[in-house]
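Q: Could you take me on a close look at the sheet in this model, and at what packs and opens around it? I'd enjoy one connected walk-through.

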Amino acid sequence: MLVYMLNVHRRNHQKIYGPGAFFDLNQDGQQANLLLDIRPQQECLVVSYSEAKGQRKDPEVEFSTYLFERAELLESEDAGVFCRVFFGSIKSSLTMSKSTAIKMPIYAPFFSKIGHFKQRSVVKGLVDPH
């Protein structure tokens, strides 16, 4: 199963946590119980804006596929705040307009019916890219 991860705030995980980091989840609140069952070699599709949000009416979005390797509990850039950080190797990356992505079945789980990104950090999808 492909795991869909939303990084719409454009967090630079490698800069914060080091090489291979591609996503993080808070250790409290709603995010604490997400992806507790993820396994090594699971494919993770991460979406983020390619540029600062709001710069264009139809912004470019980047879809990066990673092969998950491990998760670690690490301190974030906010002192005293720990996150579960996901590490892996990148498999592919593709950039396109958001309006194009909305129409593509593989990316549909990221979007609401009206074309906005869903408000959750993780959406487990049922689409198998193979």
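A: Happy to! One term before we start: two strands are said to pair if DSSP finds at least two bridges between them. Keep in mind too that this is a predicted model.

With that in hand, begin at the pairing of strand 4 with strand 5 (residues 82-97), which is antiparallel and runs over 15 bridges. To find your place in that ladder, look for Leu 67, whose bridge partner in strand 5 is Ser 89. Six residues lie between the two strands of this hairpin, and Gly 80 there adopts a positive phi near 85°.

Strand 4 (residues 60-75) also pairs with strand 3 (residues 43-49), again in the antiparallel sense, through seven bridges. Here Glu 62 of strand 4 has Ser 48 opposite it.

Now step back to the whole sheet. Six strands form an open sheet with mixed pairing, in the order 2-5-4-3-1-6. At the edges are strand 2 (21-26) and strand 6 (122-124), each of which pairs on one side only. From one strand to the next, the twist averages 35°. For strand 6, the pairing is with strand 1, antiparallel and over three bridges; Met 5 has Val 122 of strand 6 as its bridge partner.

What about the packing of side chains? In soluble globular proteins, nonpolar side chains tend to be buried together. The largest nonpolar core in this model holds 15 residues, and Phe 63, Tyr 107, Phe 110 and Phe 117 have the most contacts inside it. Strand 1 (3-6), strand 3 and strand 4 each contribute at least two residues to this core, with the largest share, three residues, coming from strand 3. Phe 110 is a nice residue to centre your view on: leaving aside neighbours within four places in sequence, its contacts include Tyr 4, Met 5 and Leu 6, along with Leu 45, Val 47 and Phe 63. His 116, Phe 117 and Lys 118 are also in contact with Phe 110. A second core, separate from that one, has 13 residues, among them Val 3, Phe 22, Ile 38 and Cys 44.

Last comes the open space. The largest pocket contains about 590 Å³. It is lined by 28 residues, of which Leu 6, Asn 7, Val 8, His 9 and Ser 121 are the closest to its centre. Strand 2 gives the most to this lining, supplying four residues. Strand 2 is thus a good place to end, as an edge strand of the sheet that also helps line the largest pocket.

Methods:
Residues numbered from 1 in each chain as written. Predicted model: local features only at pLDDT ≥ 70, side-chain atom pairs only at ≥ 80, totals over all residues. Heavy atoms only, no water. Core = buried A, V, L, I, M, F, W, Y, C linked by side-chain atoms within 4.5 Å. Buried < 20%, exposed > 50% of the residue type's maximum accessible area, 1.4 Å probe, protein only. Contact = heavy atoms within 4.5 Å. Axes fitted to C-alpha atoms, helices over the stretch in contact; angles between N-to-C directions. 1 Å grid on protein atoms, 1.4 Å probe; cavity = no way out; pocket = protein on both sides within 12 Å on 5 of 7 lines; lining within 4 Å. Points joined across faces, edges and corners; volume = space filled by probe spheres on them.
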